[in-house]
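Subject: Structure for you to look at

Hello,

Here is the structure I said I would pass on. Please open it first, then read the notes below it.

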Amino acid sequence: MATDGRKSAGRARGGKAEKSPVDLPSAKPPIAKKKSPLIRAARLAPSTATDIEAFFSTLGDGRSPANYRPRSIIYRQGDPADAVYYIESGKVQLMVVSAHGKEGVIAMLSAGDFFGEGCLAGQPVYMASASAMAKSAIRRIDKRAMINALHRNSAMSEMFLGFLLSRNIQIEADLIDQLFNSSERRLARLLLLLANFGKEGKMEAVIPRINQDILAAKVGTTRSRINFFMNKFRKLGFIEYNGGLKVHTSLLNIIVHD
């Protein structure tokens, strides 16, 4: 019969009916693993020492280097905002104090970072106090000199824009961290950032000892909780005390595995 002919014509040579491509099961796309905000906050456009020195050489009298001891004040909250600062070496913390005397650490910066850049946007006074957390070498760049340099030096403008974008990503990551992560994970992330994890270059073997009150202010918890978690990290081998604070990459396990 014609019907049987059509049926036999639709069969494959092996005797089995071929499956239509529509019937084939589609492979599920792999699920991308979420990256930690710590990793996403790495610098977008790191600058080299050569780039920075070339820039500073064009400033003339508009720049002035200075060395600061630990806990030295660079400028205070409410001081006239008349300069941008660049960290050549060391670490700097930015802290705000409320009208009721409550303190909060809003940033901990390291070599290669700028701070005080709010003056370029018209801020009349500094919104936070800046102080050295360790022995630091810092360059002060006059506001007018910085503005002129950004106008005439496209390479510097690109480098500074990369810094601002990187800082914005860092602030977003900090906000997400504060909203959704536990204080233990926030502390682990902070310690890794202080050791330069996720930035260009190698992690620092040992970072200067930091007052636990400062860590508590940055993490947003009590000093007793910071002390509890630091002891826990030490017992697990994530950190060591040896004339300073040594942070191991294994501390990342606290962030990745909740």
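Two strands count as paired if DSSP finds at least two bridges between them. Helices (H or I, at least four residues) and strands (E, at least two) are DSSP runs, numbered from the N terminus. The model is predicted, so local features need pLDDT of at least 70 and side-chain atom pairs count only at pLDDT 80 or more, while totals for chains, interfaces and linings use all residues. Residues are numbered from 1 along each chain as its sequence is written, and side-chain values use heavy atoms, with hydrogens and water left out.

The sheets

Strands of a sheet pair through backbone hydrogen bonds, either parallel or antiparallel. One open sheet has 4 strands in the order β1-β8-β3-β6, and its pairing is antiparallel. Its edge strands, each pairing on one side only, are β1 and β6 (114-115). Strand β8 (residues 136-142) pairs with β1 (residues 63-68) over 6 bridges, and Ala66 has Ile138 in β8 as its bridge partner. Strand β3 (residues 83-89) also pairs with β8 over 6 bridges; there, Tyr86 is partnered by Arg139.

How much of β8 is covered? Of its 7 residues, 5 are buried. Buried means under 20% relative accessible area, exposed means over 50%, and partly exposed is in between (1.4 Å probe, protein chains only). Helix α4 (residues 143-152) lies across β3, β6 and β8, at about 75° to β8. Such angles run from 0 to 180 degrees between N-to-C directions, with axes fitted as lines to C-alpha atoms, for helices over the stretch in contact. Contact means heavy atoms within 4.5 Å.

A second open sheet of 4 strands runs β2-β7-β4-β5, with antiparallel pairing. Here β2 (73-75) and β5 (103-110) are the edge strands, and the twist averages 30° from one strand to the next. Strands β4 (residues 91-97) and β7 (residues 129-132) share 4 bridges, with Ala132 in β7 as the bridge partner of Val92. Helix α7 (residues 212-219) lies across β4 and β5, at about 100° to β5.

The salt bridges

Side chains of opposite charge can pair when their charged atoms come close. A salt bridge is a side-chain nitrogen of Lys or Arg within 4 Å of a carboxyl oxygen of Asp or Glu. By this rule the count is 8.

One of them joins Glu88 and Arg139, at 2.4 Å from N to O. Glu88 is in strand β3 and Arg139 in strand β8, so this pair ties together parts that are 51 residues apart in sequence. Glu88 is partly exposed at 31% relative accessibility, whereas Arg139 is buried at 10%.

Another joins Asp177 and Arg189, whose closest N and O atoms are 3.5 Å apart. This pair links helix α5 to helix α6 (residues 183-194), with the two positions 12 residues apart in the numbering. Are these two residues buried or exposed? Asp177 is buried at 5% relative accessible area, and Arg189 is buried at 5%.

A third example is Asp213 with Arg223, at 3.4 Å from N to O. Asp213 lies in helix α7 and Arg223 in helix α8 (residues 223-235), so the pair ties together parts 10 residues apart in sequence. Asp213 is partly exposed at 44%, and Arg223 is partly exposed at 42%. Salt bridges with shared partners join Asp174, Asp177, Arg189 and Lys218 into one network.

Regards
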